[in-house]
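Open the model in your viewer and keep the selection tool at hand. The stops below say what to select and what is there.

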Amino acid sequence: MTVTNFRPRPEPVEVARVTSTAAELLEVLWGRASTAPASASQLRVLLILEHQEGINLRTLGDHLASTPPSTSRLCDRLQAAGFVEREVSRTDRREVRLYLSSRGRAFLTDLRARREETLRSVLERMPAGDRSALLTGLEAFCAVASEQIHGYDESSGSRTA
């Protein structure tokens, strides 16, 4: 007689709890790979601009759930640091478009490399099978989350919204 290892399908509420704990641990690990010289709010702006080049201040403020003056001051600081460039719209001179500068892109590339190195030290201690399962699950999570956030289906390369 063969005994099979029965494991009930995890419910979304349980997976959400564990994922939330993992996200908190990631915050701690990533804290070791400092985001200086950008604050958490500034980093969020850089990440938004990376995915939505050329958006205006109002749209950025909507993404941040922030007031226009606060959004503008945030962008002022990022522009002063050389991470963001502002450009007057060609179609409406009253509108300012925001772009990630080459220095902003370099900062994100460096930050990701430092974060990945920190994560690599944890992942190296996990059994290969667990790493494989984690990768499969995270790829599925990223695809669905990206679609929900951006209205984009990465597997097909098309917009859904």
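Select Gly151, the residue that follows helix H6. Its phi is positive, near 65 degrees. The model is predicted, and this angle, like the other values on the tour, is computed from it.

Now select residues 128-150, which form H6. The helix has 23 residues. From the first C-alpha to the last, H6 reaches 32 Å, close to the 33 Å expected at 1.5 Å a residue.

Next, go to Ala38, in the loop between helix H1 (12-32) and H2. Is Ala38 buried or exposed? Its relative accessible area is 6%, and because buried means under 20%, Ala38 counts as buried. Show the residues around it: leaving aside neighbours within four places in sequence, Ala38 is in contact with Leu43, Phe83 and Phe107. Add Arg77 to the selection; Ala38 and Arg77 are 39 residues apart in sequence, while their C-alpha atoms are 9.4 Å apart in space.

Phe83 and Phe107 also lead to the next stop, the largest nonpolar core, where they are among the residues with the most contacts inside it. The others in that group are Val45, Leu46, Leu49, Leu60 and Val84. The core has 19 residues in total. Colour the elements that give two or more residues to it: helices H2 (40-51), H3 (57-64), H4 (68-80) and H5 (102-123), and strand E3 (96-100). Which element gives the largest share of this core? It is H2, with five residues.

Stay in the core and select Leu60. Which residues does Leu60 touch, leaving aside its neighbours within four places in sequence? They are Val45, Ile48, Ile55, Thr71, Cys75 and Leu98.

Show H3 and H4 together. Their axes come within 9 Å and cross at roughly 105 degrees. An angle of 65 to 115 degrees counts as roughly perpendicular, so H3 and H4 are roughly perpendicular to each other. On the H3 side, select Leu57, Leu60, Gly61 and Leu64; they meet Thr71, Ser72, Leu74 and Cys75 in H4. This contact is made up of five nonpolar, three polar and no charged residues.

Keep H4 and swap H3 for H2. The axes of H2 and H4 come within 10 Å and cross at roughly 85 degrees, which makes H2 roughly perpendicular to H4. Here Ser41, Gln42, Val45 and Leu46 in H2 meet Leu74, Arg77 and Leu78 in H4. By class, this contact has four nonpolar, two polar and one charged residues.

Notes:
Residues are numbered from 1 along each chain as its sequence is written. This is a predicted model: local features need pLDDT of at least 70, side-chain atom pairs count only at pLDDT 80 or more; totals for chains, interfaces and linings use all residues. Side-chain values use heavy atoms; hydrogens and water are left out. A nonpolar core is a set of buried Ala, Val, Leu, Ile, Met, Phe, Trp, Tyr and Cys residues joined through side-chain atoms within 4.5 Å. Buried means under 20% relative accessible area, exposed over 50%, partly exposed in between (1.4 Å probe, protein chains only). Helices (H or I, at least four residues) and strands (E, at least two) are DSSP runs, numbered from the N terminus. Contact means heavy atoms within 4.5 Å. The expected span of a helix is 1.5 Å times one less than its number of residues. Axes are lines fitted to C-alpha atoms, for helices over the stretch in contact, and angles run from 0 to 180 degrees between N-to-C directions. Angles under 35 degrees count as roughly parallel, over 145 as roughly antiparallel, 65 to 115 as roughly perpendicular and the rest as oblique. Ala, Val, Leu, Ile, Met, Phe, Trp, Tyr, Cys and Pro count as nonpolar, Asp, Glu, Lys and Arg as charged, and the others, Gly among them, as polar.
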